[in-house]
Amino acid sequence: MLDRDLLLTLLGLLCVGSALSQECTKYKVSTCRDCIQSGPGCAWCQKLNFTGPGEPDSARCDTREQLVKKGCAPDDVMDPSSLAEPQGDQQGGRKQLFPQKVKLHLRPGQAAMFNVTFRRAKGYPVDLYYLMDLSYSMLDDLINVKKLGGDLLRALNEITESGRIGFGSFVDKTVLPFVNTHPEKLRNPCPNKEKECQPPFAFRHVLKLTDNSDQFHTEVGKQLISGNLDAPEGGLDAMMQVAACPEEIGWRNVTRLLVFATDDGFHFAGDGKLGAILTPNDGRCHLEDSMYKRSNEFDYPSVGQLVHKLTESNIQPIFAVTKRMVKTYEKLAEIIPKSAVGELSEDSSNVVQLIKNAYNKLSSRVVLSHGTLPDTLKVTYDSFCSDGASLTDRPTGDCDGVQINVPVTFQVKVTATECIQEQSFDIRVLGFTDTVTVQVLPQCECRCRDQRQNQGLCGGKGSMECGICRCEAGYIGKSCECQTQGRSSQELEGSCRKDNSSAVCLGLGDCVCGQCLCHSSDIPNKLIYGRYCECDNVNCERYDGQVCGGPGRGRCDCGRCLCKKGFEGSACQCKSSTEGCLNARRVECSGRGRCRCNTCECDAGYQPPLCEECPGCPSPCAQHVSCAECLKFGSGPFEKNCSTACAHLKPLTSVGTHKACRERDSQGCWMTYTLRQRDGRDNYEIQVEEARECVEGPNIGAIVGGTVVGVVLIGVLLLVIWKVLTHLSDLREYRRFEKERSKSQWNNDNPLFKSATTTVMNPKFADS
């Protein structure tokens, strides 16, 4: 035990040492409080006149080592640390967890550590509630459970000096498709009608927790089997009510065990939709006359809901299930802290031994945990178990195989991410009632020594606190030397902002009397300057790993390199020379670009290396056709001012790349000439061919007359063709008529003729 305590102490010192050796990342801190909050490794120097001229108050904030190196005496360094103060009796009574109270003073980012020891007591009181599935498949199990009252209590008495047992049962929700809702089936849901069964129900609380085994035997003996339709049962519904109704169940503030006996699976959240039950489970107690009568109004609980409720109520479930369901409930037990699974025989005859084994397993495992915390607090656990095993930086403490009266120790680390309000939370061992109450206080203030005797350093216009002046209203400045003259601090700071969205002096200086006093940089040889501290002498392009190529080539001025004579370029990377930019005529970049770093930067369209070619430029031929006409033939638009308008064109004298042109002049003749661009833009040499190609105009009369005659001839031809086709069609129709007439067989009688007279004979006349 002594070795373990020594180990914990060494670990604590190492953690504190690592926190103190951290770097201090600060951003415009002006007070000791701001410094302490800026990082766990930051400390504040309260020494008078610690900062030099132009040096901001933020220079007082740094790591302890750096402040001492800068000349701050160790006694002047303010570096509050997180503290843990255990309170109350360390041990006493039947308490298994100690200390019972701890007070923490937390500095942001720095953990406070304390030890919690758990000593498992012998004979700790136990409440056991037996929750049984009464669907028809559990008929033989019910027969055996009715005889278990005395055995269960005797088993509990072997474990504890004060044990109590209770009983409840469940089937399922009484709606389709979970239960047959035919009136006859609701009265007797069992498949064998001769068997006496009770109507189905969701959950019935049969017996409140008691130490009377006869009462258990009597009440459980009255229970009858029931039945339902589908295989999964409503067990989670029943467990939720057992956890949510502590007064009805009779739970004491002791170890609470819930034995869940079944031979099948379970329904969970969402299954209620099959029976048109859409309202989510509310996790509240709804027992009326010991029955869960509102089960058809609420859906089944989710596994997460049930886990939260069981943990909140400090209930440890023991799942006593048949062999084929063991795997299913082992998966469920992985989600529920402090739970166990045992294999139940087909008739539940081994349930007493199962409960004893499960209790021993649960009570020998110690899980240290805490309730819900705000995001600003983080709690981790280091577990040092009695078997020598250790786990560090875990969200819960966990030791298995804990023996009676053998202590196990956990180191708890609590860290605040920011200055927090005073609050408290509880740490407890799951399944046990003991708790450690942790009171958390902020450690964000500096307890600087009294410096009222140095008020004169503030010009009589303020007070000295932690080495800096706190000025009276109407005065500001490092020594309260600046009078605001009625202007607000916002107005004064306005002239120190580059724009409305930027920080005061861009966060790199202090606004003193409306002007930026730039900070001294921590980087050697770096200067910060400018109206808004926007400039420095290091943030420029680099060449060969040095700013502006190094002191020998240039210097950095507010983001731009100022090169020394003989060097140029954005980073002074080039020597001043134009040799590589000269063409054959010794003209720089052919007059169509600039020479930088001995390389041509050509105008748009022209190509390096010497800006001589422009493949994408429009052809100059059409632009110079009028000049070609006037220079060679003395005609055209520039006839009268040819020498002035075409002064940029010179006769072609040199050999080189030429541009051949063929354009029409003002008289419609084709001219052929050659252009060659000289150095510069729009400067050309021209050579025009002697001959022009002038094409005579067309004979208009002949064209018009020929067109008219052609139209007339085409019209006459079309009429002739139409006449011939019409004659041929008529001739073909006449021949068809003659052929049909020759085939007709008509006589001279008209079949349509009917005589106007009618002859009638009297048949009697002949007889007379």
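Cys471 counts as partly exposed because its relative accessibility is 28%, which lies between the 20% below which a residue is called buried and the 50% above which it is called exposed. Its partner, Cys480, counts as buried, since its relative accessibility is 3%. These values, like the others in this report, come from a predicted model. The sulfur atoms of Cys471 and Cys480 lie 2.1 Å apart and form a disulfide, and with -95 degrees about the S-S bond this link is left-handed.

## Disulfides

A disulfide is a covalent bond between the sulfur atoms of two cysteines. In this structure the count of such links comes to 26, and the table sets out the geometry of some of them, including the link of Cys471 and Cys480.

| Cysteine pair | S to S | Angle about the S-S bond | Handedness |
|---|---|---|---|
| Cys419 and Cys444 | 1.8 Å | -130 degrees | left-handed |
| Cys471 and Cys480 | 2.1 Å | -95 degrees | left-handed |
| Cys581 and Cys595 | 2.0 Å | 70 degrees | right-handed |

The disulfide of Cys419 and Cys444, with an S to S value of 1.8 Å, links distant parts of the chain, with Cys419 in the loop between β20 (407-416) and β21 (423-429) and Cys444 in the loop between β22 (435-442) and β23 (462-465), 25 residues apart. Both Cys419 and Cys444 are buried.

The disulfide of Cys581 and Cys595, right-handed with 70 degrees about the S-S bond, also links distant parts of the chain: Cys581 sits in the loop between β36 (574-575) and β37 (593-596), while Cys595 belongs to strand β37, 14 residues apart. Cys581 is classed as buried because its relative accessible area is 0%, and Cys595 is classed as buried because its relative accessible area is 11%, given that the limit for this class is 20%.

## Sheet and hairpins

Strands of a sheet pair through backbone hydrogen bonds, either parallel or antiparallel. One open sheet is formed by 6 strands in the order β4-β6-β22-β21-β16-β19, with mixed pairing. Its edge strands are β4 (83-87) and β19 (397-399), each of which pairs on one side only, and neighbouring strands of this sheet are turned against each other by 15 degrees on average, with direction ignored. At the β19 edge, strand β16 (residues 366-370) runs antiparallel to β19 and is joined to it by 3 bridges; there, Val366 of β16 stands opposite Cys399 in β19.

Further along the chain, strand β40 (residues 659-664) and strand β41 (residues 670-677) pair in the antiparallel sense over 6 bridges, and the bridge partner of Arg662 is Thr672 in β41. The hairpin of β40 and β41 has 5 residues between the strands, and Gly668 takes a positive phi near 85 degrees there. Strand β41 also pairs with strand β42 (residues 684-688), again in the antiparallel sense, over 5 bridges, with Tyr673 standing opposite Val688 in β42. In the hairpin of β41 and β42, which has 6 residues between the strands, Gly680 takes a positive phi near 100 degrees.

## Aromatic contacts

Across the whole structure, a search finds 12 aromatic pairs. One of them is the stacked pair of Tyr130 and Phe167, at 6.0 Å centre to centre and with 10 degrees between the planes. This pair links distant parts of the chain, with Tyr130 in strand β8 (residues 126-133) and Phe167 in strand β9 (residues 163-170), 37 residues apart. Tyr130 and Phe167 are both buried.

Phe170 and Phe260 form an aromatic pair that is likewise stacked, with 5.2 Å centre to centre and 10 degrees between the planes. Here the linked parts of the chain are strand β9, which holds Phe170, and strand β11 (residues 255-262), which holds Phe260, the two residues being 90 residues apart. Phe170 is buried, as is Phe260, and ring pairs link both of them with Phe266, Phe268, Phe319 and Tyr329 into a cluster.

Rings also meet charged side chains in this model. The charged end of Lys173 sits over the ring of Tyr300, 4.7 Å from the centre of that ring, and Arg692 lies over the face of Phe633, at 4.1 Å from the ring centre.

Terms used: Residues numbered from 1 in each chain as written. Predicted model: local features only at pLDDT ≥ 70, side-chain atom pairs only at ≥ 80, totals over all residues. Heavy atoms only, no water. Disulfide = S-S within 2.5 Å. Helix = DSSP H or I, 4+ residues; strand = E, 2+ residues; numbered from the N terminus. Buried < 20%, exposed > 50% of the residue type's maximum accessible area, 1.4 Å probe, protein only. Pairing = 2+ DSSP bridges. Axes fitted to C-alpha atoms, helices over the stretch in contact; angles between N-to-C directions. Phe/Tyr/Trp six-rings, centres within 6.5 Å; stacked < 30°, edge-to-face > 60°. Lys NZ or Arg CZ within 6 Å of the ring centre and 35° of its normal.
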